Amino acid sequence: MEDSSQQAFLISENGILAGRRIPIDKHSVIIGRGGGNKACDIVLSGRQVSRQHAEIFVDQGRYFLRDLGSKNGTYLNGKPVSGVMELADSDEIQIALCERFRFVGADATLPLSEIVFADRLHLDSQSRRVWVGMTEIKPSLSPAQYRLLELLCEPAGQVRSRDEIVCAVWSEAEKEGVTEQAIDALVRRLRERLSEIVPDGAYVMTVRGHGFRLDPTGGR
């Protein structure tokens with residue numbers, strides 16, 4: 001297995017694997033529904049997905065995609081895959097137009113594209129999308145709400161002071177006018193948005209006299 005710092009990844013953008021970062025740590029990675037004698041490295045459940053649908057393989061440090069004769073096709077950046085097509089960082093791969101992945105090249109600096117805590121809270125900083133469990137928060141969090149959540153996730157459980165929150169969320173020009181009430185209102189709204197998915201969740205905890213921290217289990 002290669003050093004993970006030099007691996008390419010797939011970021012699953014929807015479906016049952018949404019928000020997951022999947023390393024391409026083999027010479028050949030097969031994507032499909034599996035079943036029978038059709039083994040797959042990435043198993044998808046959609047009925048439109050063929051048992052062995054597509055393959056990503058490595059040749060001399062370069063990554064390539066090919067369709068394996070699937071019924072409903074493989075698409076690269078919206079175009080049907082014909083023959084072998086080379087992958088580039090940030091390419092979008094669609095399996096039967098129902099399962100969508102983002103390719104992150106081995107030489108790319110991976111942003112916090114998959115922050116996953118207790119298999120419950122998932123953040124994708126490229127798209128600023130957030131999932132609680134397998135459910136995406138829609139409409140998306142506001143930029144301020146997302147920046148606050150991302151701060152609390154790095155790392156989860158660490159107490160963040162009000163000053164740290166101000167620095168992470170507001171611009172230099174805005175910082176002087178930020179009040180205690182503005183911080184409390186932002187925290188309250190973030191809690192409300194997370195609770196839309198898990199009503200009894202308590203992800204953002206108040207630590208009196210210190211600040212706020214993230215409970216990645218949602219208080220469970």
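Two strands are taken to pair where DSSP finds at least two bridges between them. In this predicted model, strand E1 (residues 8–12) and strand E11 (99–104) meet that condition, since they pair in the antiparallel sense over 4 bridges, and within this pairing the bridge partner of Leu 10 is Phe 103 in E11.

## Overall composition and the open sheet

The protein has 220 residues, of which 45% are buried, and its secondary structure comes to 4 helices and 17 strands. The accessible surface is about 11,300 Å², with 47% of that area belonging to carbon and sulfur atoms. Among contacts between residues at least 6 apart in sequence, 42% join residues at least 24 apart.

E1 and E11 belong to an open sheet of 6 strands, which has the order E2-E1-E11-E10-E7-E8 and antiparallel pairing. The edges of this sheet are formed by strand E2 (21–24) and strand E8 (79–80), each of which pairs on one side only. Strands of a sheet pair through backbone hydrogen bonds, either parallel or antiparallel.

## Strands E13, E14 and E15

Another set of strand pairings involves strand E14 (129–132). E13 and E14 pair in the antiparallel sense over 4 bridges, and the two form a hairpin with 4 residues between them. Leu 121 stands opposite Val 132 in E14. On its other listed pairing, E14 joins strand E15 (residues 135–136), again in the antiparallel sense, over 2 bridges, and there the bridge partner of Val 132 is Thr 135. Val 132 is thus named in both pairings, with Leu 121 and with Thr 135. The side chains of E14 are divided between two directions, Arg 129 and Trp 131 pointing one way and Val 130 and Val 132 the other, and all of these residues are buried.

## Helix H1 and its surroundings

Helix H1 (residues 143–152) has 7 buried residues out of 10, so it is largely enclosed by the rest of the structure. The buried positions are Gln 145, Tyr 146, Leu 148, Leu 149, Glu 150, Leu 151 and Leu 152. These residues pack against strand E13 (121–124), strand E14 (129–132), helix H2 (162–169), helix H4 (180–195), strand E16 (204–207) and strand E17 (211–214).

Leu 149 illustrates this packing at the level of a single residue. Leaving aside neighbours within four places in sequence, Leu 149 is in contact with Leu 121, Leu 123, Val 130, Leu 141, Leu 190 and Leu 214.

## Nonpolar cores

In soluble globular proteins, nonpolar side chains tend to be buried together. The largest nonpolar core here has 27 residues, and those with the most contacts inside it are Leu 121 and Leu 149. E13, E14, H1, H2, H4 and E17 each supply at least two residues of this core. A second, separate core contains 22 residues, including Ala 54, Ile 56, Val 58 and Phe 101.

## The H2 and H4 contact

Two packed helices are described by the angle between their axes and the distance between the axes. The axes of H2 and H4 come within 11 Å and cross at roughly 75°. Angles of 65 to 115 degrees count as roughly perpendicular, and H2 is therefore roughly perpendicular to H4. Where the helices meet, Arg 162, Ile 165, Val 166 and Val 169 in H2 face Glu 180, Ile 183, Asp 184 and Leu 186 in H4 through contacts.

## Backbone features in the loops

Most residues other than glycine have a negative phi, and most peptide bonds are trans. The following table gathers the backbone exceptions.

| Residue or bond | Backbone value | Location |
|---|---|---|
| Ala 96 | phi near 55° | loop between E10 (92–95) and E11 (99–104) |
| Arg 128 | phi near 60° | loop between E13 and E14 |
| Lys 138–Pro 139 | cis, omega about -5° | Pro 139 in the loop between E15 and H1 |

Ala 96 and Arg 128 can also be described by their accessibility. Residues under 20% relative accessible area are buried, and those between 20% and 50% are partly exposed. Ala 96, at 4% relative accessibility, therefore counts as buried, whereas Arg 128, at 37%, counts as partly exposed. Arg 128 lies in the turn of the E13 and E14 hairpin.

Technical notes:
Residues numbered from 1 in each chain as written. Predicted model: local features only at pLDDT ≥ 70, side-chain atom pairs only at ≥ 80, totals over all residues. Heavy atoms only, no water. Buried < 20%, exposed > 50% of the residue type's maximum accessible area, 1.4 Å probe, protein only. Contact = heavy atoms within 4.5 Å. Areas by Shrake-Rupley, 256 points an atom, 1.4 Å probe, with all protein chains shown as cover. Core = buried A, V, L, I, M, F, W, Y, C linked by side-chain atoms within 4.5 Å. Axes fitted to C-alpha atoms, helices over the stretch in contact; angles between N-to-C directions. Parallel < 35°, antiparallel > 145°, perpendicular 65-115°, else oblique.
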